[in-house]
Every structure is written in structure tokens, then in C-alpha cells.
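Biologist: I should like a close look at one part of this model, set in the context of the whole chain. Please begin with the overall organisation and then work towards the detail.

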Amino acid sequence: MLDSMSVKVEDKLYQNRYKVDEGRPHVCIAPHTVPEEVLLTLVKVCPAGCYQRADDGTVEVIPDGCMECGTCRVLTEGTGLLDWNYPRGGYGIQFKFG
Ligand code: SF4
């Protein structure tokens, strides 16, 4: 139960801003050659909801809003599924604390 001093995670995340680097996504997904469980986990664990299940059963990534937490990178380490890089300077997440 939330008291009057509590703040929801969604409200805190809404304070952040994201600058999209048009045409240069910093996370790309390769044609899938990994177990289904990994794909489903990607959809579930990304705190920014960047991974979505497509109609054809594959998983797509739209890194707009990515918080650069690295969870997906660690999860897929050694699979070759992701090409993960930090955004170029001036782009990506801009955290607002407080
Ligand atoms: S780094 Fe974190 S926020 Fe960004 S796409 Fe991966 S899991 Fe989502």
C-alpha cells in the first residue's frame, strides 16, 4: 500500500527524457537463433518495454526509451542476438533525479 509520501516507479521514470538518434538505434536484434525462453524473457525484463513480440512470433526491439541498464545485454551474452552499444554523445536517456 502506498502512503501519501510514496512515489510510484512509473511516475519517477516519467521524469526522464530520451533523445532519439534517428536512424541509428543503439540496440539491434539479429535473426533469432536463441531459445524461445530467452526471447520471452527479453520482453518481460526490459524496464522500458523496448522488446515486443511481433505477429510472426519474432521479437523486435525499439530502443527509444532504453535506460541503458544492460539487462538485455547480460541476458543474451554469448548468443550473438544483440548488437548493443551506448548511444552517441548527446543522445539516449537523460535521467532526472529527485
Ligand atoms: S539496456 Fe535495459 S532498458 Fe535498454 S533495452 Fe536493454 S533491458 Fe531495456
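Biologist: What share of the contacts in the protein chain with a separation of 6 or more comes from residues 24 or more positions apart? Once that is settled, please concentrate on His26, in the loop between E1 and E2, and follow its surroundings from there.

Modeller: The share is 63%: that fraction of the contacts in the protein chain with a separation of 6 or more joins residues 24 or more positions apart, where contact means heavy atoms within 4.5 Å. The model is predicted, so local features need pLDDT of at least 70 and side-chain atom pairs pLDDT 80 or more, whereas totals for chains, interfaces and linings use all residues. Residues are numbered from 1 along each chain as its sequence is written, and side-chain values use heavy atoms, with hydrogens and water left out.

The protein chain contains 3 helices and 6 strands, taken as DSSP runs numbered from the N terminus (H or I, at least four residues, for helices; E, at least two, for strands). Read from the N terminus, the order of these elements is α-β-β-α-β-β-α-β-β. The C-alpha trace spans about 45 × 35 × 25 Å along its principal axes. Of the 98 residues in the protein chain, 27% are buried; here buried means under 20% relative accessible area, exposed over 50% and partly exposed in between, with a 1.4 Å probe and protein chains only.

I turn now to the requested residue. His26 counts as buried because its relative accessibility is 6%. Leaving out residues up to four places away in sequence, its contacts include Tyr18, Pro63, Cys66 and Glu68. A further group touched by His26 is the run formed by Asp83, Trp84, Asn85, Tyr86 and Pro87.

Three of these partners deserve individual attention. Tyr86 sits in the loop between strand E5 (82–84) and strand E6 (92–94), and it is exposed, since its relative accessible area is 55%. Beyond four places in sequence, Tyr86 touches His26 and Glu68. Its C-alpha atom is 23 Å from that of Leu40, a residue 46 positions away along the chain. Glu68, for its part, belongs to the loop between E4 and H3. It counts as partly exposed because its relative accessibility is 22%, and it has a positive phi of about 55° although it is not a glycine. The third partner, Cys66, is buried, as its relative accessible area is 10%.

The loop that carries His26 also holds Asp21, between strand E1 (17–19) and strand E2 (27–29). Asp21 counts as buried because its relative accessibility is 13%. Apart from residues up to four places away in sequence, Asp21 touches Arg88 and Tyr91.

Cys66 leads from His26 to an internal void. The structure holds 1 cavity of 30 Å³ or more, and the largest cavity has a volume of about 90 Å³. It is lined by 16 residues, of which the closest to its centre are Cys46, Cys50, Tyr51, Cys66 and Cys72. A cavity is a set of points, on a 1 Å grid over the protein atoms alone, where a 1.4 Å probe fits but cannot get out, and lining residues have an atom within 4 Å of a point. Grid points are joined across faces, edges and corners, and the volume is the space filled by probe spheres set on them. Cys46 also counts as buried, because its relative accessibility is 16%. No disulfide is found in a search of the whole structure, the criterion being a pair of cysteine sulfur atoms within 2.5 Å.

Helix H2 and strand E3 complete the picture. In H2 (residues 36–45) the buried residues are Val38, Leu39 and Leu42. Viewed down the helix axis they fall within an arc of 100°, and so they line one face of H2; the arc is that of the directions from the axis to the C-beta atoms. Glu37 and Lys44 are exposed on the other side of H2. Among the elements covering the buried residues of H2 are strand E3 (51–53), strand E4 (59–61) and helix H3 (71–75). Within E3 lies Gln52, which counts as partly exposed because its relative accessibility is 41%. Its C-alpha atom is 8.5 Å from that of Leu42, 10 residues away along the chain. Neighbours within four places in sequence aside, Gln52 is in contact with Val43, Thr58, Val59, Glu60 and Ile62.

Definitions and conventions:
1 Å grid on protein atoms, 1.4 Å probe; cavity = no way out; pocket = protein on both sides within 12 Å on 5 of 7 lines; lining within 4 Å.
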